[in-house]
Amino acid sequence: MRLSEFFRRNPYRPTSPRQRLVLVAVTLVTVLLLFSGLLAPHLRYLQHKLAMRSPPLPPCAPGQTERCLGGRQPVMLIAPAPRPAASR
């Protein structure tokens with residue numbers, strides 16, 4: 001057998017349009033299943049994070065100073081520790 005005959009011969013049948021359509025459909029279904037399977041845990045995590053958010057603070061009513069948007073936040077101050085005596 002000559003080398004030119006080897007390249008001219010095609011031992012495989014070409015795929016029919018119906019077979020190509022089935023291959024494309026199976027490929028798309030596989031890709032969608034993999035994509036949704038890999039993305040589902042992340043989406044559940046994001047939904048959980050959004051559900052855990054605290055509701056936004058309401059705006060301050062006249063005379064209200066705490067627990068509202070624009071109000072004061074109470075802060076506790078702790079006295080610093082005393083300095084150690086200087087060594088001589």
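**Entry 1: L39.** I began with L39 and looked up how much of this residue is accessible. The relative accessibility of L39 is 31%, and I filed the residue as partly exposed because that class lies between under 20% for buried and over 50% for exposed. I note here that the model is predicted. L39 sits in helix α2, which covers residues 17-52.

**Entry 2: the patch.** Next I asked which residues join L39 in a nonpolar patch on the surface. I found F35, L43, Y45 and L46 listed with L39. Together these residues have about 470 Å² of accessible area. I added a reminder on helices: an α-helix has 3.6 residues a turn, so residues three or four places apart point the same way.

**Entry 3: helix α2.** I then checked the length of α2. The helix has 36 residues, so at 1.5 Å a residue it should span 52 Å. I read 51 Å between its end C-alpha atoms, which agrees. Where does α2 have a kink? I located the kink at A40, shortly before the proline P41, and noted a value of about 35°.

**Entry 4: the disulfide.** I searched the whole structure for disulfides and wrote down 1. This disulfide joins C60 to C68, with an S to S distance of 1.9 Å. I looked up its handedness as well: the torsion about the S-S bond is about 80°, so the disulfide is right-handed.

Are the two cysteines buried or partly exposed? I recorded C60 as partly exposed, because its relative accessible area is 29%, above the 20% under which a residue counts as buried. C68 has a relative accessible area of 6%, so I entered C68 as buried.

**Entry 5: the chain.** Last, I took the totals. I counted 2 helices and 0 strands in the secondary structure of the chain. The chain has 88 residues, and 1% of them count as buried. I noted about 9,600 Å² of exposed area for the chain, with 65% of that area supplied by carbon and sulfur atoms.

Technical notes. Residues numbered from 1 in each chain as written. Predicted model: local features only at pLDDT ≥ 70, side-chain atom pairs only at ≥ 80, totals over all residues. Heavy atoms only, no water. Patch = residues over 30% accessible without salt bridge, like charges linked within 9 Å, V, L, I, M, F, W, Y side chains within 5 Å. Areas by Shrake-Rupley, 256 points an atom, 1.4 Å probe, with all protein chains shown as cover. Salt bridge = Lys/Arg side-chain N within 4 Å of Asp/Glu carboxyl O. Helix = DSSP H or I, 4+ residues; strand = E, 2+ residues; numbered from the N terminus. Buried < 20%, exposed > 50% of the residue type's maximum accessible area, 1.4 Å probe, protein only. Disulfide = S-S within 2.5 Å. Expected span 1.5 Å × (residues − 1). Bend = angle between axes of the 7 residues up to and from the residue.
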